[in-house]
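Reader: I would like a close look at one part of this protein. Please take me to the place where the ligand sits, and show me how the surrounding elements are put together.

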Amino acid sequence: MTRKITANIYMTIDGRGAFPKYPGYDIPTGSRDEPDEFFRSMWTDRYDDVTTVIMGRRSFVGHRKTHSEKNRKPTDPKFMFEYSRFLDRVDKVCLSHRLKNPNWENSRVMKGDLATIVHKLKREKGGNIIAEGGPRLSFEFIRRDLADDYWFLVMPVIYGQGPRYWWPLKEQRNLKLLSSSHMPYGELVLHYESNRE
Ligand SMILES: NC(=O)c1ccc[n+]([C@@H]2O[C@H](COP(=O)([O-])OP(=O)(O)OC[C@H]3O[C@@H](n4cnc5c(N)ncnc54)[C@H](OP(=O)(O)O)[C@@H]3O)[C@@H](O)[C@H]2O)c1
């Protein structure tokens with residue numbers, strides 16, 4: 001079975017890779033210890049079939065600081081501890097020219113042409129792969145048509161600041177909608193696959 005690569009994209013309506021505050025953003029949608037639909041579809045439901053997570057250096061360092069289990073706050077919800085345990089155990093690829101020691105268990109640093117890295121990872125044994133940003137890396141996946149599918153979380157904010165997801169493209173990209181849903185506080189969850197027809 002070929003390893004599927006999914007890009008996770010979290011953005012404001014104006015395509016900024018930021019996590020602004022908006023009405024309801026901090027209100028859990030289920031019980032405090034239950035992940036919402038968005039988190040389930042992007043993460044919890046996929047713990048069994050995803051074995052590799054790719055991140056750009058900035059996102060990797062940010063995730064290590066916030067999401068490794070040892071850095072969790074005791075007040076964090078139970079499902080975030082589960083997410084941390086998943087991230088700790090999964091094979092993590094940090095893309096970087098400058099980082100030498102990833103300093104996080106089950107991690108390695110790779111560098112070079114992204115298509116070559118993707119093909120190398122796809123040839124390795126393992127389950128599916130998630131590309132978890134940041135925005136520059138996600139855009140590179142889209143620009144070069146390297147992901148098989150995309151999960152978008154669109155936050156109900158026009159933010160006007162923060163890292164951009166979108167830059168000019170020489171060639172348009174067509175996507176096929178697989179599912180769409182909205183969350184109680186106005187977020188959209190969109191699942192598309194690459195349309196290579
Ligand atoms: N899921 C997320 O992580 C996420 C989502 C939304 C927003 N954000 C926000 O976005 C910001 C970070 O995103 P970003 O787009 O600026 O950075 P990023 O994609 O996380 O990291 C960019 C770095 O990745 C390395 N890199 C990328 N491609 C490479 C390649 N092919 N070979 C070697 N190195 C490669 C380079 O590191 P070197 O300089 O070391 O070479 C580059 O400077 C943060 O503020 C974060 O809060 C993150």
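Author: In this predicted model, residues 24 or more positions apart account for 74% of the contacts in the protein with a separation of 6 or more. Of the 197 residues, 26% count as buried. A compact globule of 197 residues would have a radius of gyration near 16 Å, and the protein agrees, with 16 Å. Along the principal axes, the C-alpha atoms fill a box of roughly 40 × 40 × 35 Å.

Next, the framework. The protein has five helices and eight strands. From the N terminus on, they run β-α-β-α-α-β-β-α-β-α-β-β-β. The eight strands form an open sheet with mixed pairing, in the order 4-3-2-5-1-6-8-7. Strand 4 (107–110) and strand 7 (175–182) each have a single partner strand, so one side of each is left without a neighbour in the sheet. From one strand to the next, the twist averages 20 degrees.

Take the end of the sheet at strand 7. Strand 7 pairs with strand 8 (residues 188–194) in the antiparallel sense, over seven bridges. Ser179 has its bridge partner in strand 8, and that partner is His191.

Now the ligand. The shell around the ligand holds 23 residues. Gly17, Gly56, Ser59, Gly133 and Gly134 are the closest. By class, the shell has nine polar, eight nonpolar and six charged residues.

Which elements supply at least two residues of this shell each? They include strand 2 (50–56), helix 2 (57–67) and helix 5 (135–143). Helix 2 gives the largest share, four residues.

Helix 5 deserves a second look. Besides supplying at least two residues of the shell around the ligand, helix 5 has buried residues: Pro135, Leu137, Ser138, Phe139 and Phe141. An α-helix has 3.6 residues a turn, so residues three or four places apart point the same way. The buried residues of helix 5 pack against four strands of the sheet. These are strand 1 (5–12), strand 2, strand 3 (91–95) and strand 5 (128–131). Strand 2 thus appears twice: it is packed against by helix 5, and it supplies at least two residues of the ligand shell. Just after helix 5 comes Asp145, with a positive phi of about 55 degrees.

To sum up the site: helix 2 leads with four shell residues, while strand 2 and helix 5 each add at least two.

Methods:
Residues are numbered from 1 along each chain as its sequence is written. This is a predicted model: local features need pLDDT of at least 70, side-chain atom pairs count only at pLDDT 80 or more; totals for chains, interfaces and linings use all residues. Two strands pair if DSSP finds at least two bridges between them. Axes are lines fitted to C-alpha atoms, for helices over the stretch in contact, and angles run from 0 to 180 degrees between N-to-C directions. A residue is near a molecule or strand if its C-beta atom, placed from the backbone, lies within 6 Å of it. Ala, Val, Leu, Ile, Met, Phe, Trp, Tyr, Cys and Pro count as nonpolar, Asp, Glu, Lys and Arg as charged, and the others, Gly among them, as polar. A residue is buried if 20 or more other C-beta atoms lie within 10 Å of its own, exposed if 12 or fewer, and partly exposed in between; C-beta atoms are placed from the backbone. Two residues are in contact if their C-beta atoms, placed from the backbone, lie within 7 Å. The radius of gyration is taken over C-alpha atoms; the globule rule is 2.2 Å times the number of residues to the power 0.38.
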